[in-house]
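These notebook entries record what I looked up in one protein structure. I kept each entry short and put the topic at its head.

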Amino acid sequence: MASDLDTVRVLRALFNDIPRAPQGLSHEATMEWIQRSMTDFPGGEVAYMIEHVTRNSMVDIVLRLREDGYLKDDQQFDATLQQIATPEGRQTFMDWCINAQKSVDATARLLNRAKRAWSEPEPLFVADAAAVQRFIDGRPTGAGVLFAEFAMRSDVREIGLFDTEPAAIHEFDWGFITEDPGEWNVYVTEVWRRGTVGHFDRMLGAWRLETTHALPEGQLRAPHVPPGLTEDLGITRFSALTLHTNDDPAVRRWVGEVFITHMLPVMAARALDENYDFPAKVMELS
């Protein structure tokens, strides 16, 4: 395993240019300092959160390579620490990780095709009609036990995701949706419990498979996404998927009757099935 010293060295290399709150501040003053740092960060709060998520992901990658990969070699480890201490070096390292992951994914797809016939997983859940109608009617439930569970995650608290509660929370038995002006953020319990970060791309791929690509033979194509609704990676809000919307009641009805009821149960099942082989053309769009 990577030593405590290795961990400290990686953290120092990755976060050497991120300002730290001055020592001796009260809790309230510290929170104000953090909020001001997020607001003043180039690109604003969203860019700040993405930068922290990215660098924390790199911590895990470097330490895993230190334990099991080529960074077991001390010289390689030292060289990598020097590399990731600069913005340019971090970008180069992440590009290498992305290309390596693409190669791994391509190999996994070939192995999946060789070992078994392609099959569809069962939908992850069956939507409750009354809960869906409540969403369509715009009657939020407020924070429930699933929202509370997610909000207590250490990574969620670290970035202050819910320091300000969303405008509305719609909780279901499968997860919850937060609603703010212009967007819905979809949180599926089984997705975040299995590692939210690892499923951002797969959830977006599942959406694209449903809405922009022909499904396997014998499957019906999903209804056309209504005007005024677009999708995005959920990474900025740590959600499974983000939907950008307008105030059209028809769009809200479509999200309830089509997306939540029919699409999301299948999308989540595909994203969580490690053997599910998304077409390369879908994932390459991510």
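**Entry 1: the turn between β2 and β3**

I began at the hairpin of β2 and β3, where two residues lie between the strands and G182 takes a positive phi near 90°. I noted at the outset that the model is predicted. I then looked up the pairing itself: six bridges join β2 to β3, which covers residues 183-188, and the two strands run antiparallel. As one example of facing residues, I found I177 opposite V186 in β3.

**Entry 2: the other side of β2**

Which strand forms a hairpin with β2 across three intervening residues? I found that this is β1. The strand β2 spans residues 175-180, and four bridges join β1 to β2 in an antiparallel arrangement. I looked up two of the partners. A168 has E179 in β2 as its bridge partner, and I169 has T178 in β2 as its bridge partner.

I also checked how far β2 is covered, and recorded that five of its six residues are buried. I added a general reminder for myself: in a regular strand, side chains alternate between the two faces of the sheet.

**Entry 3: the sheet as a whole**

I next asked in what order the strands of the sheet are arranged. The sheet is open and has five strands, in the order β1-β2-β3-β5-β4, with antiparallel pairing. At its edges I found β1 (168-171) and β4 (230-232), each of which pairs on one side only. From one strand to the next, the twist averages 20°.

**Entry 4: E179**

I returned to β2 for E179, which lies in that strand. Is E179 buried or exposed? Its relative accessible area is 17%, so I entered E179 as buried, the cut-off for that word being under 20%. The side chain of E179 makes a polar contact of 2.4 Å with the side chain of R252.

**Entry 5: R66**

I turned to R66, which is found in helix α3. Its relative accessible area is 14%, and R66 therefore counts as buried. I looked for a polar partner and found the backbone oxygen of K72, which lies 3.2 Å from a polar atom of the R66 side chain.

**Entry 6: I84**

I located I84 in helix α4, which covers residues 74-84. I recorded a relative accessible area of 0% for I84, which means that this residue is buried. I then compared sequence with space: I84 and F15 are 69 residues apart in sequence, while their C-alpha atoms are 9.4 Å apart.

**Entry 7: the second largest pocket**

My last search concerned empty space. Rolling a probe the size of a water molecule over the atoms shows where such space is left. I found that the second largest pocket holds about 480 Å³ of space. It is lined by 19 residues, and those closest to its centre are I34, Y48, H52, E158 and I159.

Which helices each supply at least two residues of this lining? I listed α1 (4-14), α2 (27-40), α3 (44-68) and α8 (154-158). The helix α2 gives the most, with five residues. Sorted by class, the lining has 10 nonpolar, four polar and five charged residues.

Technical notes. Residues are numbered from 1 along each chain as its sequence is written. This is a predicted model: local features need pLDDT of at least 70, side-chain atom pairs count only at pLDDT 80 or more; totals for chains, interfaces and linings use all residues. Side-chain values use heavy atoms; hydrogens and water are left out. On a 1 Å grid over the protein atoms alone, a cavity is a set of points where a 1.4 Å probe fits but cannot get out, and a pocket is an open set with protein on both sides within 12 Å along at least five of seven lines; lining residues have an atom within 4 Å of a point. Grid points are joined across faces, edges and corners, and a volume is the space filled by probe spheres set on the points. Ala, Val, Leu, Ile, Met, Phe, Trp, Tyr, Cys and Pro count as nonpolar, Asp, Glu, Lys and Arg as charged, and the others, Gly among them, as polar. Buried means under 20% relative accessible area, exposed over 50%, partly exposed in between (1.4 Å probe, protein chains only). A polar contact is a pair of N or O atoms within 3.5 Å; within protein, one must be able to donate a hydrogen and the other to accept it, and residues adjacent in sequence count only if both atoms are side-chain atoms. Two strands pair if DSSP finds at least two bridges between them. Axes are lines fitted to C-alpha atoms, for helices over the stretch in contact, and angles run from 0 to 180 degrees between N-to-C directions.
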